[in-house]
Amino acid sequence: MQVNDLPLQVVELIRQAIGEPPAALHEPSFGEAELDNLRSCIETTFVSSVGPFVTEFEDRVEEYCGAPFAVAVSSGTAALHVALLIAGVKPGDEVLVQALGFIATANAISYCGAIPHFVDIDVDDLGISPVALRDHLERVTVHRGGVTVNRVTGRPITAVVPMHTFGHVGQIDEILAVASEYNLVVIEDAAEAIGSRRNGQHAGTFAGLGVLSFNGNKTITTGGGGMLLLSEATAAQRARHLTTTARVAHRWHFDHDQVGFNYRMPNINAAIGCGQMQRLDSIVDLKRRLHERYAAVFSGVPEFHLLHEPEGCRSNYWLQTLILQESQMHLREQLLEATNTAGFHTRPAWKLLSDQTPYVAAPRADVAVARRKSQQIVNLPSSPTLVQRTL
Ligand SMILES: *Cc1c(COP(=O)(O)O)cnc(C)c1O
């Protein structure tokens, strides 16, 4: 293959894997249960913050994930915000987060008055590298009375938010070990990872505090929505309280004992979520089959490879990910151009958080791997329904 043919060759390979365009990046897939539940919301008038589907959705997610407690909220970002508050993150703290990630994670840290501190990723699983994390902490921190302090900024570093990138569960046990050495609370950003497990354990349940998203482009959706996964009853109670305007329970009085948030998931969104939970296993199954399709057509092309699930991880393959060899990185823009023009919706990885305008001055480690990877990645059409099309 000639180097400058690569973008068109990729278009042809995608066509071989999923058939004729168009194909969106990720479309939701719904069934009768979602419609029935929505109809029941309208008929009973329970469309808002009161209604039976919210509790049912929480129960279903708890059971599916094996999480002791689940609290449904209006978005993954809201879930991250509340998780950080429950973790005890305070204004002026620094919170470690990977440089290659979605802006919501850094923003949630900012909502707490804290400062994101960017660290590098693992070259294979694209999650936080536990080795780079430990090296960086060793170099830039001192212990002061049980607190890890950034010796450059003088600020306490109190938490770390590993992300399970594109649905692949990263090296969470190793990250937890580093965190415990440095007295950091861990919040798992499992926004992309519902249906993904490592050694049989569901993403977002390793640290005792984790977050899911049900935005429209995620593996399953509630329109908009998120969930906190928690291991402790007191933390779950605090989450419920904070997300419902911190109102003290009473039949008619409005007594709020702190500044709370209107973050509770509406019943109408949970109604969709209950239907989606019944389809989750089959959706993950279809997405895994889609990965096999892409793997079959892309194998043997030396210019790039497909991102596979890490060892020990059974991934939901939220977004299928093509990784260009470093020598081919310069072709990424042409590849995005050719595929999108052909009607196959592809997209690059996020611009590094450490390069985003609000965070250009934020503290950071050497993030060379994240920088390189962000230029090599192209996400491919990943809807579960794509494997059901006739080729
Ligand atoms: C989608 C996503 C979020 C935010 O979730 P919303 O429900 O869109 O607010 C946070 N982190 C990651 C990694 C995500 O992919």
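Here are some notes on the fold, the ligand site and two backbone oddities.

1. First, the ground rules. This is a predicted model, where local features need pLDDT of at least 70 and side-chain atom pairs count only at pLDDT 80 or more, while totals for chains, interfaces and linings use all residues. Residues are numbered from 1 along each chain as its sequence is written, and side-chain values use heavy atoms, with hydrogens and water left out.

2. On the overall fold, the protein chain has eleven helices and 17 strands (DSSP runs numbered from the N terminus: H or I of at least four residues for helices, E of at least two for strands). The C-alpha trace spans about 70 × 60 × 35 Å along its principal axes. For 391 residues, a compact globule would have a radius of gyration near 21 Å, and the chain's 21 Å agrees with that (taken over C-alpha atoms; the rule is 2.2 Å times the number of residues to the power 0.38).

3. Now the ligand. Which residues come nearest to it? Out of 15 around the ligand, they are Gly76, Thr77, Glu192, Ser213 and Lys218 (near means a heavy atom within 4 Å). By class, the shell has five nonpolar, seven polar and three charged residues (Ala, Val, Leu, Ile, Met, Phe, Trp, Tyr, Cys and Pro count as nonpolar, Asp, Glu, Lys and Arg as charged, the others, Gly among them, as polar).

4. Three side chains put an N or O atom close to a ligand oxygen: glutamate 192 at 2.5 Å, serine 213 at 2.7 Å and lysine 218 at 3.2 Å. The protein covers 93% of the 380 Å² of accessible area that the ligand has on its own (Shrake-Rupley method, 1.4 Å probe).

5. Which elements give two or more residues to the shell around the ligand? Those are helix H4 (76-86) and helix H5 (103-111). H4 gives the most, with three residues.

6. Two backbone spots deserve a look. The peptide bond from proline 21 to proline 22 is cis, with omega near 5°; proline 22 is in the loop between helix H1 (6-18) and helix H2 (32-44). Leucine 126, not a glycine, has a positive phi of about 65°, and lies in the loop between strand S3 (115-119) and helix H6 (130-140). For context, most residues other than glycine have a negative phi, and most peptide bonds are trans.

Technical notes:
A polar contact is a pair of N or O atoms within 3.5 Å; within protein, one must be able to donate a hydrogen and the other to accept it, and residues adjacent in sequence count only if both atoms are side-chain atoms.
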